[in-house]
Amino acid sequence: FHDAARWSAVFDDPARDAWQRPEEVLRHLALAPDAQVADVGAGTGYFSVRLARAVPQGRVWAVDIEEDMVRFLNDRAQREGLTNLRGVLATPTDARIPAPVDVILVVDTHHHIDDRPTYYRALRNSLRPNGRVVIIDFTRESPEGPPPQFRLTPAQVDAEMSEAGYTRDGEALSLPRQYLLTYRAAAGG
């Protein structure tokens with residue numbers, strides 16, 4: 001995912017709205033205006049900029065492991081006047097979220113993470129009390145997304161998140177080509 005400017009034409013294509021349904025996702029998240037949010041695997045900021053507008057008194061950490069994406073995101077935030085949005089350079093094993101957040105959003109990225117239970121176990125330290133992890137990823141039937149062998153079912157995600165110390169919170173939201181699953185840290189987990 002090098003060359004953020006080239007990827008922006010793909011990731012930020014307005015046609016994506018029809019199946020990604022960003023406004024429906026934001027309604028589902030029901031963020032307070034001062035919410036603290038991390039967008040893990042933020043890419044060029046498709047969700048990050050929307051999140052920043054949804055939390056005008058809050059903060060959005062746009063996390064990515066690609067230095068070019070983080071640079072692109074920070075330039076985009078400045079260009080669009082989003083002073084509450086900041087790109088964060090992560091590593092494949094550490095999101096490096098600078099401060100505890102209310103929501104960690106992981107869109108189209110979950111399937112890229114190696115050793116997911118360990119990764120999400122570590123992310124618990126980045127959540128505020130009662131914080132949520134929201135995972136959106138591709139269904140097996142989707143015409144978009146990674147090769148089928150890398151796609152996970154909601155049941156597989158549930159099992160991994162349970163191993164990491166989370167429980168599912170509420171019903172899944174079905175999007176045209178994806179699922180949205182919400183988790184909270186299990187008590188004492």
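In this predicted model, R116, P117, Y120 and R121 of helix α6 meet E160, M161 and E163 of helix α7. Sorted by class, that contact between α6 and α7 holds three nonpolar residues, four charged ones and no polar ones. If you look along the two helices, their axes lie 8 Å apart and pack at an angle of about 55 degrees. Angles from 65 to 115 degrees would count as roughly perpendicular and those under 35 as roughly parallel, so α6 and α7 are oblique to each other. The crossing of this pair is right-handed.

Just before α6 (116-123), the loop that comes from β4 holds D115. This residue is worth a click if you like backbone torsions. D115 is not a glycine, yet its phi is positive, at about 45 degrees. Most residues other than glycine have a negative phi. R96 is another residue to look up on a torsion plot: its phi is near 55 degrees, again a positive value in a residue other than glycine. You will find R96 in the loop between β3 (85-89) and β4 (101-107). Is R96 buried, exposed or partly exposed? Its relative accessibility is 44%, and because buried means under 20% and exposed over 50%, R96 counts as partly exposed.

Now follow the chain to the loop between β5 (127-138) and α7 (154-163), where P146 sits. With 11% relative accessibility, P146 counts as buried. Which residues does P146 touch, leaving aside those up to four places away in sequence? They are H111, F138 and R151. The pairing with H111 spans 35 residues along the chain, while the C-alpha atoms of P146 and H111 are separated by 8.1 Å.

A second helix pair gives us something to set beside the opening one. Helix α3 (residues 22-29) and helix α4 (residues 46-54) have axes that come within 11 Å and cross at roughly 50 degrees. That angle makes α3 oblique to α4, and the crossing is right-handed. On the α3 side, the residues in contact are P22, E23, V25, L26 and L29; on the α4 side they are Y46, F47, R50 and L51. By class, this contact of α3 with α4 has seven nonpolar residues, two charged and no polar. An α-helix has 3.6 residues a turn, so residues three or four places apart point the same way. Helix α4 is mostly covered, with seven of its nine residues buried. Those buried residues are Y46, F47, S48, V49, R50, L51 and A52.

Strand β8 (residues 178-185) brings us to T182. At 5% relative accessibility, T182 counts as buried. Beyond its sequence neighbours up to four places away, T182 touches H28, R132, V133, V134, T167, R168 and D169.

Finally, let us step back to the whole protein chain. How many helices and strands does it have? The count is seven helices and eight strands. Of its 189 residues, 52% are buried. The accessible surface comes to about 9000 Å², and carbon and sulfur atoms account for 50% of that area. Among contacts between residues at least 6 apart in sequence, 70% join residues at least 24 apart.

Terms used: Residues are numbered from 1 along each chain as its sequence is written. This is a predicted model: local features need pLDDT of at least 70, side-chain atom pairs count only at pLDDT 80 or more; totals for chains, interfaces and linings use all residues. Side-chain values use heavy atoms; hydrogens and water are left out. Helices (H or I, at least four residues) and strands (E, at least two) are DSSP runs, numbered from the N terminus. Buried means under 20% relative accessible area, exposed over 50%, partly exposed in between (1.4 Å probe, protein chains only). Contact means heavy atoms within 4.5 Å. Axes are lines fitted to C-alpha atoms, for helices over the stretch in contact, and angles run from 0 to 180 degrees between N-to-C directions. Angles under 35 degrees count as roughly parallel, over 145 as roughly antiparallel, 65 to 115 as roughly perpendicular and the rest as oblique. A crossing is left-handed if the near helix is turned anticlockwise from the far one by less than a right angle, and right-handed if clockwise. Ala, Val, Leu, Ile, Met, Phe, Trp, Tyr, Cys and Pro count as nonpolar, Asp, Glu, Lys and Arg as charged, and the others, Gly among them, as polar. Accessible areas come from the Shrake-Rupley method with a 1.4 Å probe; for residues, only the protein chains shown count as cover.
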